[in-house]
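User: I am new to protein structures. Can you show me how to read one, feature by feature?

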Amino acid sequence: MDSNELLEPFERMLETISSPAQVRAVEQGASAASLWDELVQSGFLDALVPESAGGAGLALADVEPLWRALGRHAVPVPVAETMAARFLLAEAGVDAPQGPIAFAAARPGQDAIVPFGLVAEHVLVDLGDGMVLASVASGQAEPTGVAGSLAARMRWDRVPDGPGPPAPEHGLRPMAAVLRAAAMAGAAARLLDMTTAYANERVQFGKPIGRQQALQQNLAVMAEDTVACRLAAQLGCAGGVVPTLAAAATAKSVTSASAARIAATAHAVHGAIGVSEEYDLQLYTRRLHEWRLADGSESYWNRLLGRARLASGDSSVDWVRAQVFA
Amino acid sequence: MFDTLALASLPPEDEALRPAIRELVARAVADMPVDRRARSWQGFDAAFSRRLGQAGFLGLNLPKRYGGQERGPFARFVVVEELLSAGAPVAGHWIADRQSAPLICNYGTEAQRAFYIPRICKGEALFCIGMSEPGSGSDLASVRTRAEKTATGWLLNGQKIWTTNSLHSDYMIALLRTSGKPEDRHAGLSQLIVDLRLPGVTIRPIVDLTGDAHFAEVFFENVELADDALIGREGEGWKQVTAELAFERSGPERIYSSVVLLDAWVRHLRETGRADDATLAMVGGFTARLATLRAMSIACTARLALGESPVVEASLVKDLGTHFEQELPVAIGDDLAGHPDEPASTELYRTLLYVTQVAPSFSLRGGTREILRGIIARGLGLR
Ligand SMILES: Cc1cc2nc3c(=O)[nH]c(=O)nc-3n(C[C@H](O)[C@H](O)[C@H](O)COP(=O)(O)OP(=O)(O)OC[C@H]3O[C@@H](n4cnc5c(N)ncnc54)[C@H](O)[C@@H]3O)c2cc1C
């Protein structure tokens, strides 16, 4: 399928169900149920599920632009996680529930920060030695107290009840890392668009601030980082549905490291208006910062990648060709 | 924005070039110390360049009727990647293969193509680029060196500077003022081929801070050129140069200038067995960035393969790439000297200091960081 044929209807749907006003409402506690119904009906949630199991059987590379669109629209529900979870459940012959599914890496008795934990109904919990699809109600879910955040601090005191589909080779985290990387690339692209548009509109000293060379230089770097995020996310999603450790690490390392710089420039160019709640910029910069920390930051993935790299005597170029581009 | 820059892969038929070029390169670098391999761009070895030509690794993008391989930019990507990753001495053929031959092919006359390109493809005609002058660096449109039309051709007077490899080159493609005044900016500029053995040409090497003399000043004093020295059309020099710079800026060379040092450092870490968290994170961080830059560079190559001139995209990859190339020696220096009780070999130390000292040039050659960011800003609609 042509990627635009897929992306355009998806984008149109997100524009109607995930406007900034709707995102804010969910962040302030309104129900996301009607938004979710639209997503269920659209069929996109089964995009990765094999055709034999009633899905569209798409590859990760086909779905990656959709995941980026989720970030571009700050969609306030775990759509990418649910898509990936539905794939894993279908592979294991487990019927997927209707509601939104979040991802968690947790040990019994330990707290874990779960992105979208406040709006999910189910959590696919990676326990380290297996996975369980648990209901959110089976654990204790607390808001983190971070303004507007949809993440929850969750805890299960014992192994939760639920079906236990087999975990992918390196657990859930590589999948979580690439879907997060794609969402971050999307949020970054939105921030670049907003920031260049603002630089062209805002007049100080008698001309648009974008005419100032200092701002042009900073925006050029922001564009470089944004394009690097997109390519890194695409690299992460270029293989099978379950990404390799090296590809996932590359994707999340680069997007996480770029995220802080991108958010900083976006705010700097916007001046004071950018930090106000009523201006939309913060919807995306807050997400970039949260997602940078979710599923392992740049140094977490760098350590894993560094260990794998040092285990081989290949040249750097040969190593990335064989491991990241494979 | 810049959505055309998207993940692309190297075609299998071009990947298939690797074993053969790798074997040739391995022989050329076998006896070279690492700090010589780190000089790759500056390493001049005419015999090696001719061997590459004979083996069909030059002129990969050029038509067969001129001795090229008609394979396209992806093939060149593979070959350049192999050359730079191993630190092969590429200076001899580098500029002719990357810029001069495509320029002559795109804008030259049939006679010029037939005369120059087959020799470039054999590694036998070596070229340099005469753009910069003492007063014209970033402000390239201000060039003053003139070629006056005469009854038989052109009369050349003036001076070029920083001309890489001019000492070893046969020809320069010079950007010259052929009409009007420097104040006329882009109007009145043309590109001419100058045979560097003609009377009136003087080349004076400039030694750089590492002790190398890879670039030079070139003086022209009443140099007489024939009519057919002009490439393309009189007055179209600016347009041609802009297209040429997309070739210059888009390749993998803009991410691999420090890769020989990176690999030497990784070997050192493997030998010492140091694998604490900080070290692993550093190795991994560089690896992730290298992989992503490579994907960006291949994405840029894909635009060239479609016949586009990705000026903005190439600037974006070059700026991010040279940033990476410059950060490597700083970080590796801190790492090695941050472990003063873990001796590094003299060869690694020499390589480190060579790359550290020469690194400022990475973001100067081919257009400075600030100029590239200006091009990107224009691409963003800010100017
Ligand atoms: C290793 C090496 C090889 C080279 N090889 C060649 C070659 O083969 N052929 C050739 O023709 N040239 C060559 N050059 C020259 C190179 O292209 C120039 O150095 C470069 O274009 C910058 O010009 P400049 O050195 O005169 O610096 P300047 O133009 O004087 O710039 C100095 C500083 O001012 C900044 N600056 C200037 N104008 C602006 C502006 N409008 N806005 C913001 N900042 C600005 C620059 O970014 C830079 O930081 C080479 C250079 C090096 C280092």
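Analyst: We will go through the ligand site, the interface and the salt bridges in turn. Keep in mind that this is a predicted model.

User: Start with the ligand. Which residues are the closest to the ligand, and how many surround it?

Analyst: The ligand is surrounded by 16 residues. The closest are B:S132, B:S138, B:T164, B:T368 and B:E370.

User: Why is the site shared between chains?

Analyst: Look at where the surrounding residues come from. They belong to chains A and B, so the site is shared between chains.

User: What is the make-up of the shell around the ligand by class?

Analyst: The shell divides into 5 nonpolar, 9 polar and 2 charged residues.

User: Which atoms of the protein pair with ligand atoms?

Analyst: Take three cases. In B:S138, an N or O atom of the side chain lies 2.6 Å from an oxygen atom of the ligand. With B:S132, a polar backbone atom is 2.7 Å from a ligand oxygen. With B:I129, a polar backbone atom is 2.8 Å from a ligand nitrogen. As for cover, the ligand taken alone exposes 970 Å², and the protein buries 67% of that.

User: Now the interface. How do I express its size?

Analyst: The size of an interface is often given as the accessible area lost when the parts come together. Here, chain A and chain B bury about 3900 Å² between them. Of that area, 66% is on carbon and sulfur atoms. In residues, 46 of chain A are in contact with 51 of chain B.

User: How many residue pairs are in polar contact across the interface?

Analyst: There are 15 such pairs between chain A and chain B, with both residues at pLDDT 80 or more. On the side of chain A that touches chain B, the elements giving two or more residues are α6, α7, α8, α10 and α11 of chain A. Of these, α7(A) gives the most, with 15 residues. By class, this side of chain A has 21 nonpolar, 15 polar and 10 charged residues.

User: And salt bridges?

Analyst: Side chains of opposite charge can pair when their charged atoms come close. The structure holds 48 salt bridges over all chains. Across the interface of chain A and chain B there are 5. One pair is B:E15 with A:R321, whose closest N and O atoms are 3.5 Å apart.

User: Which parts of the chain does the pair A:D111 and A:R153 link?

Analyst: A:D111 forms a salt bridge with A:R153, with the closest N and O atoms 3.3 Å apart. The pair links distant parts of the chain, 42 residues apart. A:D111 is in strand β2 of chain A, and A:R153 is in strand β6 of chain A.

How values were computed: Residues are numbered from 1 along each chain as its sequence is written. Chains are lettered from A and ligands numbered from 1 in the order in which they are written. This is a predicted model: local features need pLDDT of at least 70, side-chain atom pairs count only at pLDDT 80 or more; totals for chains, interfaces and linings use all residues. Side-chain values use heavy atoms; hydrogens and water are left out. A residue is near a molecule or strand if one of its heavy atoms lies within 4 Å of it. A polar contact is a pair of N or O atoms within 3.5 Å; within protein, one must be able to donate a hydrogen and the other to accept it, and residues adjacent in sequence count only if both atoms are side-chain atoms. Accessible areas come from the Shrake-Rupley method with a 1.4 Å probe; for residues, only the protein chains shown count as cover. Ala, Val, Leu, Ile, Met, Phe, Trp, Tyr, Cys and Pro count as nonpolar, Asp, Glu, Lys and Arg as charged, and the others, Gly among them, as polar. Contact means heavy atoms within 4.5 Å. Buried area is the accessible area (1.4 Å probe) that two parts lose on being put together, summed over both. A salt bridge is a side-chain nitrogen of Lys or Arg within 4 Å of a carboxyl oxygen of Asp or Glu. Helices (H or I, at least four residues) and strands (E, at least two) are DSSP runs, numbered from the N terminus.
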